[in-house]
Amino acid sequence: MRTTVPPVACVGEPRLTAGFAEFGRLDLAAHDEVHGPIGPMEPAQLLRLAEGMQLKGKGGAGFPFARKLRAVLESCERQDLAAVVVVNATEGEPASWKDKVLLTRAPHLILDGAALAAYALDAEEIVIGVADDGVGQDSLMEALAERRMPVPTTIVTVPHRFISGEGGALVNGINGLPHIPPGTKKRSSDSGVGGLPTLLSNAETYAQLAVGARLGPYEYAALGTDDEPGTVLLTVTGAAGRPAVVECTAGMPLRDVLDLCEVPDVQGILMGGYHGKWISPEAAEKAEVSRKGLAAVGGTLGAGIIVPLGVDTCPLGEAAQVVRYLAGESAGQCGPCKMGLPDLARAVDLAVAGSQPADVVRAAAGEVKGRGACSHPDGTARFALSAIEVFADDLRLHSTGDGCGRRVKGVMGLPGAPDGNPQKLTLDWSRCDGHGLCAHVVPDFIRLDANGYPAFPPTPVPTWLREGALKAVKVCPELALRLAKAE
């Protein structure tokens, strides 16, 4: 469980992180001193501000905030219902820390933005969703105790899981339902918390709105690019010598951020987090920190996550661990997640083991793309496909069955303690008669080869498949299958 917020740095002029060097955490007095006063706005005024700022969601999808706001306003009028404002500060992505930084050091910026939206919408309440890891919740409660919000404001904790941060999952959790995405796609602007029209956006988005309200759209656009004015928060981890949350002016060279965080030579860089895309070192040298700039080199900004991968670990093995984790993090309520993601994880494992070609990974990814009830299958497929593209040279080495010669060090920031008792399947070929029962018991890990004999990766069995692997061992009529400690 995460407990320590990383250091904060800045490339360019600080806005969201202004005052951090002087005050550390900004209480209300320090917040007012650094940022100045802010007043309420009418709906049309706030819409013009959001449009003038070209404010897009900072949670990953990049949806225009003004369109969300307008949709909620229209829904309230059409249904004659009050609105709810929801701040998504759950940050379920294990590699991300930016929202935790805002919660712990600039909570009043988040509250300012939420208050602006609540006043403009004449909302019934504000709900702030945070993870149950405890990071930032006390700071947020202190901030709420220091000020008067325009409407009742509550904090709701959700399980610290990858999918808990998905918008529909957060709404479900607030409504007292399981913290998983709804089985069908729903618009929270029509029916969200308590069935009311709900404005749901990321914590950084509200903080940016508060900054823009003070500066106005023209001064706000003095930094950044024409398409993406302002600044972005980035979480830089992985092989960085100085991991940090970095506030960066949009359009800055990615190289400036990597140098600031002392990133050494790398094999590739994951941009956007576990639902993001890998880019090559050559692409990183040309990239600019913006959605448009990163897309131009095959990357994505996503939720502002940057994970450089050092040269001393197996890149495909690291990627395989993440795909397994993502498969285990699904809600398991629709076919692409329940069946497709385990199949994709197995395909990646087998490609790393050299027992299946990359085309199998591409086919498995194609089976889930565009078919899920939420974006989890699409994001997982995007991650896996970009890994086999960027690390194609390593994939060729693995295709021989010998691998790349480097061990998997587990540097991708996966949550939880390492498996203290890793186990892998072994097969006594002198006993195996090819009954195939094992593949029926645990098809997510074992498949039958062209001759009808079991084939599985030499990697440790994922913890979420351990029970199935043990059943496969027990049903083997010839006692050929074993579950042994992995070295």
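This passage walks through the domains, the central facts of one sheet, and a bent helix in a predicted model.

The chain is divided into four parts: domain 1 covers residues 17-222, domain 2 covers 230-303, domain 3 covers 315-400 and domain 4 covers 423-485. Between the centres of domain 2 and domain 4, taken over C-alpha atoms, the separation is 40 Å.

A good place to begin is the open sheet, which is formed by 6 strands in the order β1-β7-β6-β10-β8-β9, with mixed pairing. The edges are held by β1 (8-11) and β9 (277-279); each has a single partner strand, so one side of each is left without a neighbour in the sheet. On average, neighbouring strands of this sheet are turned by 25° against each other, direction ignored. Helix α16 (residues 376-390) packs on the sheet, where it touches β8 (266-271) and β9, and its direction makes about 20° with that of β9.

Strands of a sheet pair through backbone hydrogen bonds, either parallel or antiparallel. Examples of both senses can be found here. β1 and β7 pair in the parallel sense over 4 bridges, and the bridge partner of C10 in β7 is E247. β6 and β7, by contrast, are antiparallel and share 6 bridges; in this pair, L234 stands opposite V246 of β7. On to β10 (residues 305-310): β6 (residues 231-236) pairs with this strand in the parallel sense over 2 bridges, and T235 has I305 as its bridge partner in β10.

Strand β7 (residues 244-249) deserves a second look. In a regular strand the side chains alternate between the two faces of the sheet. In β7 both faces are covered: A244, V246 and C248 are buried on one side, and V245, E247 and T249 are buried on the other.

Another covered position is I269, in strand β8. With a relative accessible area of 1%, I269 is buried, the cut-off for this being under 20%. Beyond its close neighbours in sequence, I269 touches several residues, among them L258, W278, I279, I306 and V307. S290 lies 21 residues from I269 in sequence, and the two are 15 Å apart in space, C-alpha to C-alpha.

Finally, helix α9 (residues 203-220) offers a small puzzle. A straight helix of 18 residues would span 26 Å, yet α9 spans only 18 Å between its end C-alpha atoms. A kink of about 80° lies in α9 at R214, shortly before the proline P217. This helix is also mostly covered, with 14 of its 18 residues buried.

Conventions. Residues are numbered from 1 along each chain as its sequence is written. This is a predicted model: local features need pLDDT of at least 70, side-chain atom pairs count only at pLDDT 80 or more; totals for chains, interfaces and linings use all residues. Side-chain values use heavy atoms; hydrogens and water are left out. Two strands pair if DSSP finds at least two bridges between them. Axes are lines fitted to C-alpha atoms, for helices over the stretch in contact, and angles run from 0 to 180 degrees between N-to-C directions. Contact means heavy atoms within 4.5 Å. Domain bounds come from an automatic or database domain assignment. The expected span of a helix is 1.5 Å times one less than its number of residues. The bend at a residue is the angle between axes fitted to the seven residues ending there and the seven starting there. Buried means under 20% relative accessible area, exposed over 50%, partly exposed in between (1.4 Å probe, protein chains only). Lists of a residue's contacts leave out its neighbours within four places in sequence.
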